[in-house]
Amino acid sequence: MIGHVTDPNAEGGLDLRELPEPTPAAGDVVIEVRAYAVNRGELHLLQMRPNGWTPGQDVAGVVVQAAADGTGPKAGARIVGAADGGGWSQRVNVPSHRAAVIPDNVSFADAAALPVAGLTAIRALRTGGPLLGRRVLVTGASGGVGVFAVQLAAIAGAHVTAHVSGTHRVDLVTSLGVERIVTTLDGITDRFDLVLDGVGGPVLVEALHHLAPGGTVAAYGMAGGQKAEIAFTDFRGATNAKLTGFFVYATDVTTFGEDLGDMARLIGEGKLRVPGPRRDWKDTRQAIDSLRKRSATGKVVLTID
Ligand SMILES: NC(=O)c1ccc[n+]([C@@H]2O[C@H](COP(=O)([O-])OP(=O)(O)OC[C@H]3O[C@@H](n4cnc5c(N)ncnc54)[C@H](OP(=O)(O)O)[C@@H]3O)[C@@H](O)[C@H]2O)c1
């Protein structure tokens, strides 16, 4: 089979070439990959592991070999899954508990966008407890995690405010049904019960200044590349609030499949949209560049015919 592997001598440090077939553990299904998504975190890993690393966590495809221990989807099932690398290839292993069957009307491309971004969004939102009637701020709302977070928070009954980097991102987030979209929190007088922040730096500090007493900030990323300078006094209006560092892989990975199945069902019911560019997998390097340059919005997904 062919797949992507890091190689310092290849163009862009990434080669597409013949690779060994996957070797599944007893609890793994093997899938023929039809689509995969690229995550911002993988941009960093590509630089950290420049030689012989096979990237790719977010995959959707057809099971060609069921798990030897009898768990998970059967051969022939259309699934989405979170792989431990190797997903930017024709075939890959996925632990069966990190996989879910997708409805017939959900495309592989939409499903492939779900694992890292969707799981981060749904699980970071849960750090705020029940969201019915709560005020939720999502920063980086045009990004991979953000586009899912604003929609899932609204589905859970929250009043959602989306923070975007500029007015050029407003249309995209409006298309997801969000009514309150801001580029700054200046002038906002209400306070948020929950903030999901994937931007960091001054955006995180500004969000803290608009946190409700007892509220929660789930800080899951630093897409803006700047550290936040935070002092005790930043919590003055948000007494006894919590600032939590959220890592999706530190949550219960054995139930990833359940959440993936729920989100795939929401897509099938037309309640969860998956914006972002779709490209042929031969354009993976260009797709990575678009993410690096911040020219892409939503989830960047590559498809394999
Ligand atoms: N902790 C975890 O488990 C976990 C899981 C997933 C992701 N992450 C991390 O979370 C972050 C976001 O991930 P993602 O997949 O959503 O990335 P993404 O698709 O690249 O989205 C990043 C978002 O942040 C916005 N942004 C970037 N710099 C900004 C700035 N200076 N001011 C305002 N907005 C800014 C982007 O706006 P534009 O539209 O203008 O680019 C975009 O909306 C990354 O750092 C990623 O590594 C962590």
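The following exchange covers the ligand site of a predicted model and the contacts of R91.

This is a predicted model in which local features need pLDDT of at least 70 and side-chain atom pairs count only at pLDDT 80 or more, while totals for chains, interfaces and linings use all residues. Residues are numbered from 1 along each chain as its sequence is written, and side-chain values use heavy atoms, with hydrogens and water left out.

Me: What makes a residue count as near the ligand, and which come nearest?
Reply: One of its heavy atoms must lie within 4 Å of the ligand. There are 22 residues around the ligand, and R40, S142, S165, R169 and V248 come nearest.

Me: Why is the approach of G144 to the ligand called a polar contact?
Reply: A polar contact is a pair of N or O atoms within 3.5 Å; within protein, one must be able to donate a hydrogen and the other to accept it, and residues adjacent in sequence count only if both atoms are side-chain atoms. A polar backbone atom of G144 is 2.8 Å from an oxygen atom of the ligand, so the pair qualifies. For G143 the distance from a polar backbone atom to a ligand oxygen is 3.0 Å. For a backbone N or O atom of A223 it is 3.4 Å.

Me: How do you know that the side chain of R91 makes polar contacts with side chains, and which are the partners?
Reply: The side chain of E21 is 2.7 Å away, and that of E32 is 3.3 Å away. Both values fall within 3.5 Å, therefore both pairs count.
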